[in-house]
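Work through the exercises below with the sequence and the model side by side. Try each task before reading its solution.

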Amino acid sequence: MADNDVLQPDGADTRDVKPRIRRTHLSLFVRDPEASAKWYEDVLAMQITARGPQWVFLSYGRKHHDIALIRAEDDAQLGGIGLQHYGLEIDGDLEDLRRLYGMLLEKGVPIVKTTDHKIGIGVYFADPDGNRFEFFCETVPDDEEGKRVLGAYNAPSEPVVIDPLYT
Ligand SMILES: [Fe+2]
């Protein structure tokens, strides 16, 4: 045993302790949580589950919250170090993604880019504060194959043209 190994009282090695994540949530600083929450309801079809004077919590429908919107300091600067984007894997196929793309365009949501990742297609867009989101359509349904393809192609990000569908 090395000197820097840490032993618990019962002798367990802390290196054996590994997080097993069930699901994730995201907490974002925004300028106006109530105004942003309206956008999250409208564009992402989320439901408000809780609110306080400085925050609004929203859910995709199953969990008490998936995204929390927290009021930023008045002089907060956007961009720089921080969130690059938050990817939302859609429950649907490419046609569903094209419909979502059309919805974003119709609502005047700023589109950042449309991208082929080899394991899926992404439509990137921005919330009212410029935080980037991605509707991601998985095209490699098997997770193990997805890992292999992503690694083999070095996590590619190629521009791709997607035709929006309007309903
Ligand atoms: Fe992504």
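Two strands pair if DSSP finds at least two bridges between them. Helices (H or I, at least four residues) and strands (E, at least two) are DSSP runs, numbered from the N terminus. This is a predicted model: local features need pLDDT of at least 70, side-chain atom pairs count only at pLDDT 80 or more, and totals for chains, interfaces and linings use all residues. Residues are numbered from 1 along each chain as its sequence is written, and side-chain values use heavy atoms, with hydrogens and water left out.

**Exercise 1. Trace the open sheet of five strands and state its strand order.**

Step 1. The order is β5-β8-β7-β6-β9, and the pairing is mixed.

Step 2. Look at the edges. β5 and β9 (158-159) each have a single partner strand, so one side of each lacks a neighbour in the sheet.

Step 3. Go through the pairs. β7 and β8 run antiparallel, joined by seven bridges. The bridge partner of F125 is F133 in β8. Five bridges join β6 to β7, also antiparallel; here T114 stands opposite V123 in β7. β6 and β9 run antiparallel with two bridges, and T115 stands opposite P159 in β9.

Step 4. Check the turns. The hairpin of β6 and β7 has three residues between its strands, and K118 in the turn has a positive phi of about 70 degrees. The hairpin of β7 and β8 has five residues between the strands; G130 takes a positive phi near 90 degrees.

**Exercise 2. Decide how many residues of β7 are buried.**

Step 1. Fix the term. Buried means under 20% relative accessible area, exposed over 50%, partly exposed in between (1.4 Å probe, protein chains only).

Step 2. Count. Seven of the seven residues of β7 are buried, so the strand is largely enclosed by the rest of the structure.

Step 3. Sort by face. In a regular strand the side chains alternate between the two faces of the sheet. On one side of β7 are G120, G122, Y124 and A126; on the other are I121, V123 and F125.

**Exercise 3. Find the protein donors of the iron ion.**

Step 1. Donors are N, O and S atoms within 2.8 Å of the metal (3.2 Å for Na, K and Ca); water is not among the atoms, so sites may look incomplete.

Step 2. The donors are H85 (NE2) and E134 (OE), lying 2.0 to 2.2 Å from the iron ion. H85 sits in the loop between β4 (67-71) and β5 (86-89), and E134 in strand β8 (residues 132-138), so the pair ties together parts 49 residues apart in sequence.

Step 3. Compare accessibility. H85 is partly exposed at 27%, while E134 is buried at 5%.

**Exercise 4. Is H117 buried or exposed, and what does it touch?**

Step 1. H117 is in the loop between β6 (111-116) and β7 (120-126).

Step 2. Its relative accessibility is 10%, so H117 counts as buried.

Step 3. Contact means heavy atoms within 4.5 Å. Leaving out residues up to four places away in sequence, H117 touches G122, Y124, E134, F136, P156 and S157. E134 is also one of the protein donors of the iron ion.

Step 4. Measure one distance in the model: a polar atom of the H117 side chain lies 3.0 Å from the backbone oxygen of P156.

How values were computed: A polar contact is a pair of N or O atoms within 3.5 Å; within protein, one must be able to donate a hydrogen and the other to accept it, and residues adjacent in sequence count only if both atoms are side-chain atoms.
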